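Hi,

Here is the structure I promised to pass on. Have a look at it first, and then read my notes below.

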Amino acid sequence: MTHLDGAHLDRARAARMMQAAGLDALLLLSPESFTYATGAPAGVATMWRRAGAVVAIIPADPAEDAAAVVTDLFEAAFRAASTIADIRSNPIWVETGDIRGMEAASPEELIQAAWTRQRRPAGFQRPETFDATHGFSLAASLLRDRGLDKGRIGVEFDSLSVSDFQLLASALPGATLIDTTDLVRRLKMIKSPAEIAHLRMAVQLAEAGIVALREEIAVGVSRDALATAWEAGAHAEAKRRKVDNLTGLWEYVSVGQNPWTRGGMVAPGDLIKVDVGCLIAGYTSDTGRTFVCGNPSPLQSRLFDALQTAYDTGIAVIRPGVAMHEVHRITTEAMGKAGFPGYTRGHFGHGLGAGLGSEEWPFVSRQSDVIIEPGMVLAFETPWYVDGVGGMIIENQLLVTADGHEIMNRLPSGLVSL
């Protein structure tokens, strides 16, 4: 792989895919894609999820340097984190100044000198938030410098509103804008070593939290107390390991016979469904386990056994070269053979990464056209939510290897009686 230092984008792989699609360059506009390609934070101006504050420019020719539009507030942070040197600065609403190494007779002169060093034009005014038109014009100038402003330019249309697309098209009147949402997804689905390390650490912290939660399960304990125990366990493990890039946690813990209301206090015979994840540098893990307070009922055991059969059957075929839709078909058929031919689920797992939610494309679904490749990190799961019984889930996180897969989880995945 050929990565920019600190970034996860494989330029060589990107070049092959872009050349096959007849593209001259990619414009990456979402904050996640910007960081993926540059290795640097996108900055606060992307909080509204509108395009134009930042842009990563990736030419199809891997010998051509990448470039970026960055916000002025995060320019120093970008330069510290990314090897991309050719950048344009897009002003945002936050007033700034840098007086380091400067002297002046008065505070007023000092600040004026700092603004002069910033090369502020006469009459400079900051925008309300950021000026997307200006950001896109800066991107156009970077493309023009490379002779690409009239080329075929790939853009994730999924990351653009209609109005932002119109602004981008106006900034590049001679270019042909091509929807490369799928291409970028396929780039991101193969993880870099650093991304794999993030996801591995994230699942280890999540499992430490599950151990802490499991120890708290008892009659009369509330759902919220169990969730708190999970979070405390994950944080404690992060502190023990001196992890300094834990950026978030999420949990779907439910107690009792109604899996959607999450439940109140644990009662004898209750199922406790634990579906949780930790985020390391924005990369989320995803793990699911099921516990029962006391002995499971015959119905609980019967349903969970079917899930376990389907899980074991499906995971056995996950390896490079197998189509995701085939994994879905085999898992669904296993549920039918286990006695439940009417069981239907849209997907039995998904990719993991730094997307907006815990589930990232691609999905293990009957509609998928994705062939499993080494370097993918997937969550594979067989859940069931039955009112009057409770929530049940088996879910593990997998790294696809050259000849099969590695389960990153270490906790047993069967129904655990406590």
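A quick definition before the details: I call a residue buried when its relative accessible area is under 20%. Please also keep in mind that this is a predicted model.

Let's start with strand β1, which covers residues 25–28. Ala25 and Leu27 point one way from the strand, while Leu26 and Leu28 point the other way. All of these four are buried, so each has a relative accessible area under 20%.

What does β1 pair with? One partner is strand β2 (residues 55–59), which runs antiparallel to β1 and shares 4 bridges with it. Within that pairing, Leu28 sits opposite Ala56 of β2. Another partner is strand β5 (residues 152–155), this time in the parallel sense and over 3 bridges. There, Ala25 has Ile153 as its bridge partner.

Now the cysteines, since you may well ask about them. How many disulfides does a search of the whole structure find? The count is 0. Two cysteines worth a look are Cys278, with a relative accessible area of 0%, and Cys293, with 8%. Both values fall under the 20% cut-off, which is why Cys278 and Cys293 are called buried.

Where is Cys293? You'll find Cys293 in the loop between β10 (287–292) and α10 (298–315). Leaving aside residues up to four places away in sequence, Cys293 touches a set of residues that includes Ala218, Val219, Val266, Pro268, Ile272 and Leu418. Asp270 is also among the residues that Cys293 touches; the two are 23 residues apart in sequence, and their C-alpha atoms are 5.5 Å apart.

Finally, some numbers for the chain as a whole:

- It has 11 helices and 16 strands.
- Its C-alpha atoms fill a box of roughly 80 × 55 × 35 Å along the principal axes.
- Of its 418 residues, 52% are buried.
- Among contacts with a separation of 6 or more, 68% come from residues 24 or more positions apart.
- The chain exposes about 18,200 Å², and carbon and sulfur atoms supply 53% of that.
- There are 37 positive and 49 negative side chains, with the centres of the two sets 2 Å apart.

If you open the model, I'd begin with β1 and its neighbours β2 and β5, then move on to the loop that holds Cys293.

Cheers

Conventions: Residues numbered from 1 in each chain as written. Predicted model: local features only at pLDDT ≥ 70, side-chain atom pairs only at ≥ 80, totals over all residues. Heavy atoms only, no water. Buried < 20%, exposed > 50% of the residue type's maximum accessible area, 1.4 Å probe, protein only. Helix = DSSP H or I, 4+ residues; strand = E, 2+ residues; numbered from the N terminus. Pairing = 2+ DSSP bridges. Disulfide = S-S within 2.5 Å. Contact = heavy atoms within 4.5 Å. Areas by Shrake-Rupley, 256 points an atom, 1.4 Å probe, with all protein chains shown as cover. Lys, Arg positive; Asp, Glu negative; His and termini not counted. Charge placed at Lys NZ, Arg CZ, Asp CG, Glu CD.
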